[in-house]
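This briefing is addressed to a reader who has the sequence and the coordinates at hand. It treats polar pairs, the nonpolar interior, the surface and the overall fold in turn.

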Amino acid sequence: MAAGMAVAILVAMLIIWLSPIKDVTPEIRARTQPTLLDLGVAVVGGIAGVYAIMRKLSGVMVGVAIATALVPPLSTIGFGLATGRFDFAVGAALLFLTNTLAIALRQQSSRGSINSVHR
């Protein structure tokens, strides 16, 4: 997971360095100030991942569900580092951490209920 995180941040930084556009958009700003809606997106991503695993659906579906909650904050961390806006990088890191924990906790709680059903 650490390698994937590093790649996402580095690719975002490279794109920002190559791009003449360095404006702070509402989407970037939203990634630096996590809300309950962001937490909800992460929980839904975790639920979709658990559902896909339980139904033996494609691993791609699990990846897409989780990536929607994790890649945008990582890209915003890259933006913050590339533009020297370290407050943006820290805020986006908080969102990434919150989303990661929400997904992990949701999957863990679902595994517990799956195991209790099969006993």
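In this predicted model, Arg85 and Asp87 form a salt bridge, with 3.2 Å between their closest N and O atoms. Arg85 counts as partly exposed, at 31% relative accessibility, and Asp87 likewise counts as partly exposed, at 47%. A search of the whole structure finds two salt bridges.

**Salt bridges**

- Glu27 forms a salt bridge with Arg31, and the closest N and O atoms of this pair are 3.4 Å apart.
- Arg31 has a relative accessible area of 21% and is therefore partly exposed, since buried means under 20%.
- Asp87, at 47% relative accessibility, is partly exposed because the exposed class requires over 50%.

**Nonpolar core**

- The largest nonpolar core holds 19 residues, and those that touch the most other members are Ile9, Ala42, Leu70, Leu74, Ile77, Phe79 and Ile103.
- At least two residues of this core are supplied by each of the helices α1 (2–18), α4 (59–83) and α5 (86–117).
- Helix α4 provides the largest share of the core, namely seven residues.
- Leaving aside residues up to four places away in sequence, Ile103 touches Ala42, Gly46, Ile66, Ala69 and Leu70.
- Two of these partners, Ala42 and Leu70, are also named with Ile103 among the residues that touch the most other core members.
- As a general tendency, nonpolar side chains in soluble globular proteins are buried together.

**Nonpolar surface patch**

- Which residues form a nonpolar patch on the surface? The patch consists of Val7, Val11 and Ile15, which together have about 260 Å² of accessible area.
- Val11 belongs to helix α1, a helix that also supplies at least two residues of the core.
- With a relative accessible area of 42%, Val11 is partly exposed because this value lies between the 20% limit for buried and the 50% limit for exposed.

**Overall architecture and surface**

- The protein contains five helices and zero strands, and its elements run α-α-α-α-α from the N terminus on.
- Of the 119 residues of the protein, 33% count as buried.
- Among contacts between residues at least 6 apart in sequence, 74% join residues at least 24 apart.
- The accessible surface of the protein comes to about 7,300 Å², and carbon and sulfur atoms account for 72% of this area.

Note on methods: Residues are numbered from 1 along each chain as its sequence is written. This is a predicted model: local features need pLDDT of at least 70, side-chain atom pairs count only at pLDDT 80 or more; totals for chains, interfaces and linings use all residues. Side-chain values use heavy atoms; hydrogens and water are left out. A nonpolar core is a set of buried Ala, Val, Leu, Ile, Met, Phe, Trp, Tyr and Cys residues joined through side-chain atoms within 4.5 Å. Buried means under 20% relative accessible area, exposed over 50%, partly exposed in between (1.4 Å probe, protein chains only). Helices (H or I, at least four residues) and strands (E, at least two) are DSSP runs, numbered from the N terminus. Contact means heavy atoms within 4.5 Å. Patches are made of residues with over 30% relative accessible area and no salt bridge: like charges are joined within 9 Å, nonpolar side chains (Val, Leu, Ile, Met, Phe, Trp, Tyr) within 5 Å. Accessible areas come from the Shrake-Rupley method with a 1.4 Å probe; for residues, only the protein chains shown count as cover. A salt bridge is a side-chain nitrogen of Lys or Arg within 4 Å of a carboxyl oxygen of Asp or Glu.
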